[in-house]
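This is a walk through one protein model, taken a few residues at a time. Keep the sequence and the structure open while reading.

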Amino acid sequence: MQGRPYLCHSKFIMMIQRIQSLYLMLAGIAASLMFAFPLAKFYGSSNFALYVYQINFFDPNPSLQLSSMFLLPLMGIVILIIALSIITLLSFKNRKRQLMLTKINMASTLILLAGYFLGYMGILEKSVGNAPEYQFASFMPVLVFVFLFLANRGITKDEKLIRSMDRLR
């Protein structure tokens with residue numbers, strides 16, 4: 001049984017040697033950072049900070065009342081992006097599946113961007129009466145998309161290399 005930890009370690013090292021694995025890891029980390037930092041801050045009739053999972057009101061009695069389910073779609077898609085990044089990262093032996101999952105993840109990121117900037121920000125801006133102050137986490141989906149795009153290119157490049165080597169045999 002002593003050889004087993006070495007085997008797991010060597011698989012992990014082999015996985016990290018591919019640049020797309022690093023990009024997928026960075027995409028998952030960038031998406032995870034959306035839970036740690038506020039997306040935007042609003043000042044107006046209600047003052048609050050918007051997080052992926054909650055709204056922190058600065059006022060003791062806020063005038064804005066939102067359903068507890070308001071942020072559920074936003075939080076769900078961010079969790080989906082993180083999960084897809086991890087699953088794609090662990091599928092390093094199956095490049096075709098990795099390519100398909102990366103494309104699905106890129107589409108999910110685009111849906112997140114559209115829903116966040118066009119949906120959530122529009123609703124909250126009208127409710128408060130002022131434009132939001134975008135924070136650090138607002139730009140994470142763009143970074144996630146860039147990392148996923150780079151990972152997609154790396155996977156495609158690997159797949160072409162394998163096909164060309166198969167032709168040479």
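Start at Tyr53, which counts as partly exposed because its relative accessibility is 39%. The model is a predicted one. Tyr53 sits in the loop between strand E2 (48–50) and strand E3 (55–57), and its ring pairs with that of Phe35 in helix H2, 18 residues apart. How is such a pair described? A pair of aromatic rings is described by the distance of the centres and the angle of the planes. For Phe35 and Tyr53 the centres are 6.2 Å apart and the planes are at 20°, and the pair is stacked. Phe35 has a relative accessibility of 23%, so Phe35 also counts as partly exposed. Ring pairs bring in Tyr51 as well, and Phe35, Tyr51 and Tyr53 make up a cluster.

Now take the chain as a whole. It contains five helices and four strands. Following the sequence, these come in the pattern α-α-β-β-β-α-α-β-α. The chain has 169 residues, of which 38% count as buried. About 9,900 Å² of the chain is exposed, and 66% of this area comes from carbon and sulfur atoms. Among contacts between residues at least 6 apart in sequence, 66% join residues at least 24 apart.

Return to the aromatic rings. How many aromatic pairs does a search of the whole structure find? It finds ten. One of them is formed by Tyr23 and Phe147, with ring centres 6.5 Å apart and planes at 20°; planes under 30 degrees apart count as stacked, so this pair is stacked. Tyr23 belongs to helix H2 and Phe147 to helix H5 (residues 140–168), and 124 residues separate them, so that the pair links distant parts of the chain. Phe147 has a relative accessible area of 15%, and because buried means under 20%, Phe147 is buried.

Helix H2 covers residues 19–36, and Leu26 is found there. With a relative accessible area of 30%, Leu26 is partly exposed. Together with Ile19, Leu22 and Ile29, Leu26 forms a nonpolar patch on the surface. The accessible area of these four residues together is about 310 Å².

Helix H3 offers a contrasting case in Val78. Is Val78 buried or exposed? Its relative accessible area is 1%, so Val78 is buried. Leaving out residues up to four places away in sequence, Val78 touches Ala31, Met34, Phe35, Val52 and Leu112. Phe35 in this list is the residue whose ring pairs with Tyr53. Val78 and Pro141 are 63 residues apart along the chain, and their C-alpha atoms are separated by 8.9 Å.

Next comes Ser91, in the loop between helix H3 (72–90) and helix H4 (95–128). Although Ser91 is in a loop, its relative accessibility is 6%, and therefore Ser91 counts as buried. Which backbone oxygen lies 2.8 Å from a polar atom of the Ser91 side chain? That oxygen belongs to Ile87. Not counting neighbours within four places in sequence, Ser91 is in contact with Arg97, Gln98 and Leu101.

The last stop is the charged side chains. The structure holds two salt bridges. In one, the side chains of Arg95 and Glu159 meet at 3.0 Å, N to O. Arg95 lies in helix H4 and Glu159 in helix H5, 64 residues apart, and the pair links distant parts of the chain. Glu159 counts as buried because its relative accessibility is 11%, whereas Arg95, with a relative accessible area of 22%, is partly exposed.

Glu159 also meets the side chain of Arg163 in a salt bridge, at 3.9 Å, N to O. Glu159 and Arg163 are both in helix H5, four residues apart, which is about one turn of the helix. Arg163 has a relative accessibility of 48%, so Arg163 counts as partly exposed. Salt bridges with shared partners join Arg95, Glu159 and Arg163 into one network.

Key. Residues are numbered from 1 along each chain as its sequence is written. This is a predicted model: local features need pLDDT of at least 70, side-chain atom pairs count only at pLDDT 80 or more; totals for chains, interfaces and linings use all residues. Side-chain values use heavy atoms; hydrogens and water are left out. Patches are made of residues with over 30% relative accessible area and no salt bridge: like charges are joined within 9 Å, nonpolar side chains (Val, Leu, Ile, Met, Phe, Trp, Tyr) within 5 Å. Accessible areas come from the Shrake-Rupley method with a 1.4 Å probe; for residues, only the protein chains shown count as cover. Helices (H or I, at least four residues) and strands (E, at least two) are DSSP runs, numbered from the N terminus. Buried means under 20% relative accessible area, exposed over 50%, partly exposed in between (1.4 Å probe, protein chains only). Rings of Phe, Tyr and Trp (its six-membered ring) pair if their centres lie within 6.5 Å; planes under 30 degrees apart count as stacked, over 60 as edge-to-face and the rest as tilted. A polar contact is a pair of N or O atoms within 3.5 Å; within protein, one must be able to donate a hydrogen and the other to accept it, and residues adjacent in sequence count only if both atoms are side-chain atoms. Contact means heavy atoms within 4.5 Å.
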